[in-house]
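User: Please take a close look at one part of this model, the place where its two domains meet, and go on from there to the ligand.

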Amino acid sequence: MNKKLNLLYFSATDTTARVVKEVGKAISDEVKEYDITLPGTRQEKLVFGCNELVIVGVPVYAGRVPDFLIDYFEKVKGNNTPAIFIVVYGNRDYDDALLELKNYFEANGFIGIAGGVFIGEHSYTTKVATGRPDIDDLKTATKFGMKIKEKLNGIEDCTQTKKLIVKGNFPYKERKSMPQIAPETSDKCIKCGVCAEQCPMRAIDFNNFKDIDVTKCIKCCRCIKGCPVEAKSINNETLNKIIQALVDNLSTVRYEPELFI
Ligand SMILES: Cc1cc2nc3c(=O)[nH]c(=O)nc-3n(C[C@H](O)[C@H](O)[C@H](O)COP(=O)(O)O)c2cc1C
């Protein structure tokens, strides 16, 4: 594979990042990473050429691509650049997210070569898809990378390749609004500031880590899962009911990755 490999991913709780990196490792040793999880990394325009390959990965939020990424994706352009699309979901469903991701990038100069759907531990609880992606998921990611490499080696001109078909519907599933809430901070907080530094939306005040702007918070749970002393949690009746239903219905169900190539 003589194309320069790039990884472009948003990953609040690291499951998407792990899958994308594993697929990338199977394709090339030389990789350029664009981790767009922090807001400062979503400012610059990116342009990729036809001699590059881009793996794009996002988590599934409410069956869709996270909405706050869509404006940024308008700044990412390809020039007949081959691309792999990956979505990671928390064991409920990925609905239209993969199709949506593919459509954004194909409309911006990228040519879809393959699509992958993987399962990651649910952002809201450790009891659903616990520990995923696990070793078997990562093996599937490696095999997926190898298949992509093989496919690319057999393609002379990406513009002539058969159109990639993935699962999903258009019009996409309607976006559901979340309750306007943010995590609470208990007295266990040691004021290390990791939560404020790592928040993808800069929603946490750097001078008072308990002060979280509900209008900015996307409830991605990065501050909850990343807190070294477990001082952050979401305490909201509506959300707690959703989480309980996820645990009741999905904690013993195992879905497997789906590959489109
Ligand atoms: C706001 C929000 C909405 C989510 N919606 C879904 C969903 O529709 N279906 C699903 O299976 N998982 C859903 N999840 C779970 C994540 O897709 C899943 O945990 C994923 O692995 C998180 O990726 P990350 O670790 O890269 O952030 C949602 C998570 C969040 C924070």
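Analyst: Glutamate 121 and lysine 225 join their side chains in a salt bridge, with 2.9 Å from N to O, the term standing for a side-chain nitrogen of Lys or Arg within 4 Å of a carboxyl oxygen of Asp or Glu. Across the interface of domain 1 and domain 2, the rule finds one salt bridge. This is a predicted model, in which local features need pLDDT of at least 70 and side-chain atom pairs count only at pLDDT 80 or more, while totals for chains, interfaces and linings use all residues. Residues are numbered from 1 along each chain as its sequence is written, and side-chain values use heavy atoms, with hydrogens and water left out.

The chain is divided into domain 1 (4–172) and domain 2 (184–235), bounds that come from an automatic or database domain assignment. Their contact (heavy atoms within 4.5 Å) takes 16 residues from domain 1 and 13 residues from domain 2. Between them the two domains bury about 1100 Å², 62% of it on carbon and sulfur atoms, where buried area is the accessible area (1.4 Å probe) that two parts lose on being put together, summed over both.

Glutamate 121 also appears at the ligand, since a backbone N or O atom of glutamate 121 lies 2.8 Å from an oxygen atom of the ligand. The protein covers 96% of the 640 Å² of accessible area that the ligand has on its own, as given by the Shrake-Rupley method with a 1.4 Å probe. Of the 25 residues around the ligand (a heavy atom within 4 Å), those that come nearest are Ser11, Thr13, Thr15, Thr16 and Val60.

Note on methods:
A polar contact is a pair of N or O atoms within 3.5 Å; within protein, one must be able to donate a hydrogen and the other to accept it, and residues adjacent in sequence count only if both atoms are side-chain atoms.
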